[in-house]
Amino acid sequence: MNPIDRYQELTKTINRHMERYYDQDAPTITDHEYDALMQELKAIEKEHPEFVTPDSPTQKVGGSAKREAGVLVRHNVPMLSLSDVFSKEEVTAFVEDMREQLDDPEFVVEYKIDGLSLVLRYEDGVLKLAETRGDGINFGEDVTANAKVIKDVKKKLKQPFPYLEVRGEVYMTNEDFEKVNERQEIAGKRMFANPRNCAAGTLRQLDTAVTKERGLSMFVFNIQQVRGGTFETHTQGYEYLKKQGVRVIEDYRVCRTADEVWEAICAIGENRGNLPYDIDGAVVKLNRIADREMLGATSKVPKWAVAYKYPPEEKEAKILDIEVSVGRTGRITPTAVFEPVRLCGTSVSRATLHNQDFIDQLDVGIGDYVKVYKSGEIIPKIREVVKERRDSGVRRFQLPDTCPVCGTKTVREKDTADMKCPSPSCPAQIERRIINFVSRDAMDIKGFGTVYIEELVRRGFIQNIADIFVLNEHREELIEQGIIGKEKNTDKLLDAIEGAKQRDAYQLLTGFGIPNVGKAAAKAVMKQFGTIPKVAAAEPEQLVEVPDIGEVSAGCIRGFFADADNQKMLQRLIDAGVNMERIVQDGESERFAGMTFVITGTLPGMDRKQAAELVEKNGGKVSGSVSKKTTYLLAGDNAGSKLAKADTLGVPVISEEAFLKMLKE
């Protein structure tokens, strides 16, 4: 392929991957693979500078500035990216270049956290704005409401400046990431690929309660701008921030020579497997602010810092066995067990094989040697089989056609490669069903934590949902065994369970965890049928008459209530006094029946969640994006891109005042 054709192909490919990474939070290749493409592009541009255009990936800083909420803000200081280096020689060259230009420069070497960049603006010590990177140069996205519920974000500083702007990285610990994916799986929602994607998606979504629940974290790694004071060095700024209670990058080192810098990079590399969060490299930056100001920046990167990218670690291991487990939603997952190998500082001996299709495509069997690596430096994965080491003793593997826990015949989920145990009474699924049932989006039983559920299931107190509502019959035994705690804690939980009996029936239907039936679908079904027993008796053709309930969802509902065990459970819930009827809210109407609203900007008298509840209470639907099917765009201040799209499509735009007037008419 000639250079110009390859250049155009690379440009198109990299732009597509940049969009998936920055805008969609859903990358399809590894960082190492992306870096290799970018290095090839840079090499072609170096040889053929005439190819370079303003829209080349090498000229871009981040993604595009767009947000579901539609609120954009202009950067005070550009949020630039860093030049990447990949070898000791390149690191040494950077250090020596700085030493030639500057008088005895100091360097700070620190972790490069794998997350989402965020700037915080403080005025007189009070947090006024939080913005994402956006396009990196001109505009970012206003995420102030979400930032305020991140535990590491300080809303007020003890020793304020008239103006202070700091930049940091929002991330998710591996422990919090696993908890989020567990909740996603329980709710039947798409699981996140890695902590970085999860953190980015969480920061950009609209419900601050979701942001708070997911437990985002943040490290600050730079002071962008300060008025009313000065800092001579980067580390002096860190010391100030630490006194304010602001979390800054951990374990940073101050160095003077290339050898010291390389030693610090190697130390970070050796320790990365022990960290509770992901890093995607090490940053080397000048310490003195005056040195930084003298060197300045290009249109894309500062000249005073580089990011070292560690090579992906990969080792060969022999598959000793393939184990099969049953998830709490019934999904059958094969896991490869191999000889322990050390990767990124930790010993690993297991990696998921996902499903039978993946096993067949990989062409892996028990006894094969495989190449193992860590995705995102944390999740063990198998890249490929080392075919040249295969011998005649390798055994092919086939997933069992019955559940290994309860013996029920497995089924393949439609349009997926996943096999599932369809039995709702399978012991492996009980815990997760209970966790879903008591969650905030379902029956919302406060204080009913995962630890209690696991222990109650393990000791036989809970075998299905109905058992929750007869736990009061075991009060003395629960107190004696200390499962929930002493008398006070036990009674507190039992009282919460008793109160949950009066929840709206749509919450009960949501809590059943029926595939393809989430909170919105449950509300629509209950609005149509009124009571759970009527839903249980409905035929599929009746169910599909409900708005947004298709044949698949109708089949799932019918299948759930046709199950004999579920019928017994339902009767026990009725006997226990659990409410089976839809609760009609005061002021409920059908004023907005058949209408779809999109809500954007800052409304003067209510938040967007309150507005959405009013729409749904009056028979309408709320969507997150403007389309030809949108009936009205309810717009407040800083409406942004959604307002422009509504104008383009001819969608009527209304104010809060007009919206409230429509409610009264």
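Which elements do the buried residues of α22 pack against? In this predicted model, the partners are three strands and a helix: β19 (596-600), β20 (621-623), β21 (632-635) and α24 (656-664). Helix α22 itself spans residues 608-617, and its buried residues are A611, A612 and V615. When the helix is viewed down its axis, these buried residues fall within an arc of 100°, so they line one face of α22. This pattern fits a familiar rule of helical geometry: an α-helix has 3.6 residues a turn, so residues three or four places apart point the same way.

The two ends of α22 are also worth a look. At the N-terminal end, D607 acts as a cap, with a side-chain oxygen 3.2 Å from the backbone nitrogen of K609. Beyond the other end, α22 is followed by G619, a residue with a positive phi near 85°.

Elsewhere in the model, two helix pairs can be described in some detail. Helix α12 (residues 427-438) and helix α13 (residues 450-458) have axes that come within 10 Å and cross at roughly 140°. Angles over 145 degrees would count as roughly antiparallel, and α12 and α13 are therefore oblique to each other. Their crossing is right-handed. On the α12 side, the contact is made by I430, E431, I434, I435 and V438, while α13 contributes T450, I453, E454 and V457.

The second pair consists of helix α3 (residues 88-101) and helix α9 (residues 258-271), which pack at an angle of about 135° with their axes 9 Å apart. That angle makes α3 oblique to α9. The crossing of α3 and α9 is again right-handed. Here K88, V91, T92, V95 and E96 of α3 meet A258, V261, W262 and I265 of α9.

Two loop residues deserve a closer look for their backbone geometry. Most residues other than glycine have a negative phi. D104, however, has a positive phi, near 50°, and is not a glycine. This aspartate sits in the loop between α3 and β3 (107-113), and D104 counts as partly exposed because its relative accessibility is 41%. N516 is another non-glycine residue with a positive phi, in this case about 70°. The loop that holds N516 runs between α16 (505-511) and α17 (519-529).

How values were computed: Residues are numbered from 1 along each chain as its sequence is written. This is a predicted model: local features need pLDDT of at least 70, side-chain atom pairs count only at pLDDT 80 or more; totals for chains, interfaces and linings use all residues. Side-chain values use heavy atoms; hydrogens and water are left out. Buried means under 20% relative accessible area, exposed over 50%, partly exposed in between (1.4 Å probe, protein chains only). Helices (H or I, at least four residues) and strands (E, at least two) are DSSP runs, numbered from the N terminus. The arc is that of the directions from the helix axis to the C-beta atoms. Contact means heavy atoms within 4.5 Å. A polar contact is a pair of N or O atoms within 3.5 Å; within protein, one must be able to donate a hydrogen and the other to accept it, and residues adjacent in sequence count only if both atoms are side-chain atoms. Axes are lines fitted to C-alpha atoms, for helices over the stretch in contact, and angles run from 0 to 180 degrees between N-to-C directions. Angles under 35 degrees count as roughly parallel, over 145 as roughly antiparallel, 65 to 115 as roughly perpendicular and the rest as oblique. A crossing is left-handed if the near helix is turned anticlockwise from the far one by less than a right angle, and right-handed if clockwise.
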